[in-house]
Amino acid sequence: MYCTRKISEDLYWVGGNDRRLTLFENIFPIPRGVSYNSFVLLDEKTVLFDTVDAAVSRQFLENIAYVLNGRTLDYLVINHMEPDHCSVIEDIVMRYPQVKLIGNAKTFQMVQQFYEFKMEERVIQIKEGEELSVGKHTLQFFMAPMVHWPEVMVTYDQCSKVLFSADGFGSFGALNGILFNDEVNFDRDWIDDARRYYTNIVGKYGSQMQGLLKKMAALDIQIICPLHGPVWRSNLDYLLGKHQKWSTYESEEKGVLIAYASMYGNTQNMAEVLAGELAEAGITNTSMYDVSGTHYSYVIADAFKYTNIVLATPTYNGDIYPVMQQLLDDMKALNVQNKTVAIMENGSWGPTAAKKIKESLENMKNMTILENTVTIKSSMKIGDRASVKALAAKIVETL
Ligand code: FEO
């Protein structure tokens, strides 16, 4: 049965929700599911903006048929070719054989990489800023490379002032019947998933996101239709403000992320003592994760969010504990920067983790490493308390 939502007089959401998928991209946990958004515009010509993941293709095809109500599909705009959006292109071509595909040169390279169907006669290849009239509506295309793949573009409907923003401004989380940002308490229920989505999926490409934000500033945008999560029709400044911070690697809040690794609980104990000292000093805007038990995407999201990071780890094979090393690798890959970092290490015979962590952090941009590194041997003793207290005081100073 069709399951669509109306966005405006002639624009419809025709996507689907997936609550079965455990890992998005087979990497990221999505306990609240994910939506694959797609949109149909009914004008003199009919236009579909992107397709969906194969997992929701049946729902999607029913939705399109319902909205088209017997009309044919004239255009498919392909803003992004990652398979969570391009998986149903061939089905669309088979169902609507006259459909024309709209994309840029890189789009069609990728179409040919993913598909073998003959597309030459149906290709409309556009360039930056080009326009296409489909009746009352004129669509304008802007490149947004690396937000999140090189072929990504966004499409602006000049008539309705709608931006189809591809992966930009999306979020993890299935839609549960809602569609619009004003149907939810976004800042309470969605922002953590939106941050985790942006920082882990697009986080590396801050300067490219900045490029898109600059292009958008020249447009009068009333509605943003991303490929995942709610459609935005109000409070756009909130959404743009968050993306401005994330894409310039500016922390959102003064606060402390404490990420620890612990084999038998002793390093955890040291991290807990520090957290307690911080709370005693009034610093309660903190989050704390065991990196062995928490997927790194949650830790990365908070690394973007907070001004301060504490890394506490055992030494392992004369190096950083492997799971902590993975976090550091991901911080580097996703361009985490502009943070104040404190280090705590544990080592029963040769603690070397702090030195190695410093070396990792020195390869990231603008990381201020606090001098008061805490080193314990095997477990924290009463004599170590002073150095943890001193580190907490130092962190408080920087906040
Ligand atoms: Fe939602 Fe880059 O795909």
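Start with the whole protein chain. Among its contacts between residues at least 6 apart in sequence, 73% join residues at least 24 apart. Keep in mind that this is a predicted model. The chain has 13 helices and 23 strands. Its C-alpha atoms fill a box of roughly 80 × 40 × 40 Å along the principal axes. Of its 399 residues, 56% count as buried. Turn on the surface next. The protein chain exposes about 16,500 Å², and carbon and sulfur atoms supply 48% of that.

**Stop 1: the 7-strand sheet**

Select strands E1, E2, E7, E8, E9, E10 and E11. They form an open sheet in just that order, with mixed pairing. Now look at the edges. Strand E1 (5-8) and strand E11 (123-125) each have a single partner strand, so one side of each is left without a neighbour in the sheet. From one strand to the next, the twist averages 25 degrees.

Zoom in on strand E10, residues 100-103. E10 and E11 run parallel, joined by 3 bridges. Pick Ile102: its bridge partner in E11 is Ile124.

Add helix H1, residues 57-68. Which strands does H1 lie across? They are E2 (11-13), E7 (39-42) and E8 (46-49). H1 runs at about 15 degrees to E7.

**Stop 2: the 5-strand sheet**

Select E12 through E16. This open sheet has the order E12-E13-E14-E15-E16, again with mixed pairing. Its edge strands are E12 (131-133) and E16 (223-225); each has a single partner strand, so one side of each lacks a neighbour in the sheet. Here the twist averages 20 degrees from one strand to the next.

Show strand E13 (residues 138-143) with strand E14 (residues 153-157). The two pair in the antiparallel sense over 5 bridges. Within this pair, Phe141 stands opposite Thr155 in E14.

**Stop 3: the nonpolar cores**

Switch to side chains. In soluble globular proteins, nonpolar side chains tend to be buried together. In this model the largest nonpolar core has 120 residues. Select Ile7, Ile92, Leu311, Met331 and Leu361: these have the most contacts inside that core. Then colour helix H6, residues 191-202. H6 gives the most to this core, with 6 residues.

Centre on Leu311. What does Leu311 touch, not counting residues up to four places away in sequence? Its contacts are Ala259, Met324, Leu327, Leu328, Val341, Ala342, Ile343, Met344, Ile357 and Leu361.

Finish at the second, separate core. This one has 22 residues, including Leu278, Ile283, Val388 and Leu391.

Terms used:
Residues numbered from 1 in each chain as written. Predicted model: local features only at pLDDT ≥ 70, side-chain atom pairs only at ≥ 80, totals over all residues. Heavy atoms only, no water. Core = buried A, V, L, I, M, F, W, Y, C linked by side-chain atoms within 4.5 Å. Buried < 20%, exposed > 50% of the residue type's maximum accessible area, 1.4 Å probe, protein only. Helix = DSSP H or I, 4+ residues; strand = E, 2+ residues; numbered from the N terminus. Contact = heavy atoms within 4.5 Å. Pairing = 2+ DSSP bridges. Axes fitted to C-alpha atoms, helices over the stretch in contact; angles between N-to-C directions. Areas by Shrake-Rupley, 256 points an atom, 1.4 Å probe, with all protein chains shown as cover.
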